[in-house]
Amino acid sequence: MQINQANLIHLYKNDEVVCLPFEKNELLNNKHSNYKIKAIGNNQKKILIMVSHSINDLNSEENVLLFNILKAIHLTIEDVKLVEFAGQPFKFIKNSIEFEKCILLGLDGSQIGLQMALNPYHIFNFMNTFFLTSHSANLLNKHKKYKENLWKALQKMFAVT
């Protein structure tokens, strides 16, 4: 049997074994059903906000802070897509949600599968997408300096004075 991608996918499907670094066909097409995105918001301004905390309780301390941040930069939940990160590969998220700006709260590039170091509170442009990382909402609530750093970065990212 000649080894090629189609045969390897066939072997995987029948035997549930992979010996070489190829992925299932569903993953190659980014349609893997095991990945779910827990999200709220209508994403009207193509802004993705990925958080490390739960978005179940919108009145939690973390989410109240997040909504206050949105208000300060003249955005609402309708303007953004708020995603609770649960280990989904970034490629899957990027193919599922259209966005031009991405704010990571409590997450860094390596956690979401980006092979680059993103310094907190510095805006980074990668493939015409602007990224901003921050400490978690929980830490932001505890440390005023982190909030100040985030505010300065958000002012630059969203041209807010």
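Where is the place of H74? H74 sits in the loop between helix 3 and strand 3, where helices (H or I, at least four residues) and strands (E, at least two) are DSSP runs numbered from the N terminus. The structure is a predicted model, in which local features need pLDDT of at least 70 and side-chain atom pairs count only at pLDDT 80 or more, while totals for chains, interfaces and linings use all residues. Residues are numbered from 1 along each chain as its sequence is written, and side-chain values use heavy atoms, with hydrogens and water left out.

## Overall layout

The protein chain has seven helices and six strands, and along the sequence these follow the pattern α-α-β-β-α-β-α-β-α-β-β-α-α. Of the 161 residues in the protein chain, 35% are buried, a term that stands for under 20% relative accessible area, with exposed meaning over 50% and partly exposed the range in between (1.4 Å probe, protein chains only). The accessible surface of the protein chain comes to about 9,800 Å², and 51% of this belongs to carbon and sulfur atoms; such areas come from the Shrake-Rupley method with a 1.4 Å probe, and for residues only the protein chains shown count as cover. Among the contacts (heavy atoms within 4.5 Å) with a separation of 6 or more in the protein chain, 66% are between residues 24 or more positions apart.

## Strand 4 and its partners

Strand 4 (residues 101-105) has four of its five residues buried, so it is largely enclosed by the rest of the structure. Strand 4 pairs in the parallel sense with strand 2 (residues 47-51) over five bridges, pairing being assigned if DSSP finds at least two bridges between two strands. In this pairing L48 stands opposite C102 of strand 4. Strand 4 also runs parallel to strand 6 (residues 129-134), to which five bridges join it, and here L104 stands opposite T133 of strand 6.

The table gives four buried residues with their places and relative accessible areas.

| Residue | Place | Relative accessible area |
|---|---|---|
| V51 | strand 2 | 0% |
| T129 | strand 6 | 3% |
| S134 | strand 6 | 5% |
| Y121 | loop between helix 5 (109-112) and strand 5 (124-126) | 14% |

Leaving aside neighbours within four places in sequence, V51 is in contact with L66, L82, V83, E84, F85, L105 and L107. The C-alpha atoms of V51 and G106 are 6.1 Å apart in space, although 55 residues separate the two in sequence. With residues up to four places away not counted, T129 touches K94, F99, E100, K101 and F124, and S134 touches L104, L105, G106, L107, Y121, L140 and L150.

## Nonpolar cores

A nonpolar core is here a set of buried Ala, Val, Leu, Ile, Met, Phe, Trp, Tyr and Cys residues joined through side-chain atoms within 4.5 Å. The largest such core has 24 residues, and those with the most contacts inside it are I49, L150, L154 and F158. Two or more residues each are given to this core by strand 2, helix 3 (61-72), strand 3 (80-84), strand 4, helix 6 (137-142) and helix 7 (144-158), and helix 7 gives the most, with five residues. Apart from this core lies another, of 16 residues, among them V83, C102, I112 and M116. F158, once its neighbours within four places in sequence are left aside, is in contact with I47, I73, L75, K101 and I103.

## Helix 3 and the residue H74

Helix 3 has twelve residues and reaches 17 Å from its first C-alpha to its last, close to the 16 Å expected at 1.5 Å a residue, the expected span being 1.5 Å times one less than the number of residues. N63, L65, L66, I69 and L70 are buried in helix 3. Seen down the helix axis, these buried residues fall within an arc of 155°, so they line one face of helix 3; the arc is that of the directions from the helix axis to the C-beta atoms. They pack against strand 2, strand 3, strand 4, helix 6 and helix 7, whereas the face turned away from the buried side carries the exposed residues E61 and K71.

H74, which follows helix 3, is exposed, with a relative accessible area of 60%. Its phi is near 60°, a positive value in a residue other than glycine. Y121 likewise has a positive phi, near 70°, and is a residue other than glycine, but Y121 counts as buried.
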